[in-house]
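Dear colleague,

I am handing over the structure below, and I would be grateful if you could read it alongside the notes that follow.

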Amino acid sequence: MKRLGLGLLMLLCGFAPAGAEDGGVLDGEHLRVQGDVAFEWIERAAALGEAHYAALAEHFGATPPRSRLPIELHLHAEKPDMVRALRAAGVKDDLDGLGGYTTVDGTAHVVIQPSPFHTRRLVLHELTHAYQDRVVPLAARRRIPAWYREGLAEWFGWHRRTPDGLAFGALDAVAFRQRPIEAKARAVADGFDPFAVMTAPAPVDYTDALAVVAGLLRSEDADVRAAFRAFEQDVVRRGPGAGPPEALAARRGAVVAAVRTAWRDFNPRFVARTR
């Protein structure tokens, strides 16, 4: 495959223009994107990844050390291609139903989907994992709770392109898979307990994880938002402890109410289909 150096892409993002129609490697400031797919997708994913990198740097207040860059993203034309690559890398997990996967070394893999929106969503989801794996201390990485890891990746995966750039956490940008609508239905239902999601055994339910993380990020309760933010910063500094975050557990009633309230005004009647 042809390797391309740093240049301009879409007058943004510091990527080189395509030199081949299919397949290749594109090296940027923070990412290396490669795959045996249409080169247009490699370019798109590279630009998307750089915008996403900037958003994550702001969210976490931390960036990966240079020694852990670039973040690698592999794009695959078909699911069997991804499965073969992951098996060759030693992955033994069940891959059924997955359109993307991030390995223990932080390499993201994504299968091109029939819907461009969902290809982008999967790229953002997996790159969130890859970024988080690089800013959390190595010894603590396996202690990141699944509800937080998957919920945050879902949050950053739902996006909207605007004249001012990408908007993340755009839960009304619902295309063919309406997980945000399902998350709302669960979050506002009587008896929904965010702490039950936090302590549920693996594998985590992605819809439940999105309901909790988005509810905490969107909460109108400043104390709950601050407690969640303190938990996130603790994850970056030294990794999480066992069980639900202490700062949230100390506000159990407020957290349950805050998650429900945060979702209450999300109205699926105003859902905009996106491509």
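Three residues form the hairpin that joins β2 to β3, and in this predicted model the two strands, β2 with residues 22-27 and β3 with residues 31-38, pair in the antiparallel sense over five bridges. One of the pairings can be placed by residue, since Asp22 has Ala38 of β3 as its bridge partner.

On the β4 side, β3 is joined by five bridges to that strand (residues 71-76), and here the two run parallel; Arg32 stands opposite Glu72 in β4. The unit that β3 and β4 make together with helix α1 (residues 39-60) is a β-α-β unit, and its hand is left-handed, a point that I would ask you to look at in the model.

The other finding concerns two helices. How do the axes of α5 and α7 cross, and within what distance do they come? The axes of helix α5 (residues 179-187) and helix α7 (residues 206-218) come within 8 Å and cross at roughly 70 degrees; because angles of 65 to 115 degrees count as roughly perpendicular, α5 and α7 are therefore described as roughly perpendicular to each other. On the α5 side the contact is made by Arg179, Pro180, Glu182, Ala183, Arg186 and Ala187, and on the α7 side by Tyr206, Thr207, Asp208, Leu210 and Ala211. Sorted by class, this contact of α5 with α7 has six nonpolar, one polar and four charged residues.

With best regards

Notes: Residues numbered from 1 in each chain as written. Predicted model: local features only at pLDDT ≥ 70, side-chain atom pairs only at ≥ 80, totals over all residues. Heavy atoms only, no water. Axes fitted to C-alpha atoms, helices over the stretch in contact; angles between N-to-C directions. Helix = DSSP H or I, 4+ residues; strand = E, 2+ residues; numbered from the N terminus. Parallel < 35°, antiparallel > 145°, perpendicular 65-115°, else oblique. Contact = heavy atoms within 4.5 Å. Nonpolar A, V, L, I, M, F, W, Y, C, P; charged D, E, K, R; others polar. Pairing = 2+ DSSP bridges. Right-handed = clockwise from strand over helix to strand, strands pointing away.
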